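This report describes the helical arrangement, the nonpolar core and one selected residue of the protein shown below. Please consult the sequence and the structure alongside the text.

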Amino acid sequence: VCLFVLDTDRDLVLLEEYCKKLRKPEEQQLKKAIRKVMGIFKSSLFQALLDNFKKKATRHGTTSYTSLPVALACDVLGCPKD
């Protein structure tokens, strides 16, 4: 059974809401980093990697991940299957 959290649209909304709360000068570096991550999530390369991961996971049918970053990291790094 494949289980993943692949709701990047929801994640982007949550990140945007969080960014709006970052107003202090010392929080601007974090805000900039979060916006960079958001740009990555929106990129065509990320979407292609996500599609590739979904195809592989569907084909194997036995991989279980709890989050997208873990799933993609394990796909790229070749983590052992469950």
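## Basis for describing helix pairs

Two axes whose directions differ by an angle over 145 degrees count as roughly antiparallel. The structure discussed here is a predicted model.

## Overall organisation

The protein contains 4 helices and 0 strands. Along the sequence, these elements follow the pattern α-α-α-α.

Of the 82 residues in the protein, 22% are buried. Among the contacts with a separation of 6 or more, 47% are between residues 24 or more positions apart.

## The pairing of α1 and α2

Helix α1 spans residues 8-21 and helix α2 spans residues 28-42; their axes come within 10 Å and cross at roughly 160 degrees. The two helices are therefore roughly antiparallel to each other. The crossing in which α1 passes α2 is left-handed.

On the α1 side, the contact is made by Thr8, Asp11, Leu12, Leu15, Glu16, Tyr18 and Cys19. On the α2 side, the participants are Leu30, Lys31, Ile34, Arg35, Val37, Met38, Phe41 and Lys42. By residue class, this contact comprises 9 nonpolar, 1 polar and 5 charged residues.

Met38 of α2 belongs to this contact. With residues up to four places away in sequence left out, Met38 touches Leu12, Leu15, Glu16 and Cys19. These four partners are listed among the α1 residues of the contact.

## The largest nonpolar core

The largest nonpolar core has 8 residues in all: Leu12, Cys19, Leu22, Ile34, Met38, Phe41, Phe46 and Leu50. Two or more of its residues come from each of α1, α2 and α3, the last of which covers residues 44-60. Helix α2 gives the most to this core, with 3 residues.

Several core members also take part in the pairing described above. Leu12 and Cys19 of α1 are among them, as are Ile34, Met38 and Phe41 of α2.

## Gln47 in helix α3

Gln47 is located in helix α3. Is this residue buried, exposed or partly exposed? Gln47 has a relative accessible area of 30% and is partly exposed, because that class lies between the limits of under 20% for buried and over 50% for exposed.

When residues up to four places away in sequence are not counted, Gln47 touches Thr8 and Phe41. Thr8 lies 39 residues from Gln47 along the chain, and their C-alpha atoms are separated by 9.7 Å. Both Thr8 and Phe41 also appear in the contact of α1 with α2.

Technical notes
Residues numbered from 1 in each chain as written. Predicted model: local features only at pLDDT ≥ 70, side-chain atom pairs only at ≥ 80, totals over all residues. Heavy atoms only, no water. Axes fitted to C-alpha atoms, helices over the stretch in contact; angles between N-to-C directions. Parallel < 35°, antiparallel > 145°, perpendicular 65-115°, else oblique. Left-handed = near helix turned anticlockwise from the far one by under 90°. Contact = heavy atoms within 4.5 Å. Nonpolar A, V, L, I, M, F, W, Y, C, P; charged D, E, K, R; others polar. Core = buried A, V, L, I, M, F, W, Y, C linked by side-chain atoms within 4.5 Å. Buried < 20%, exposed > 50% of the residue type's maximum accessible area, 1.4 Å probe, protein only.
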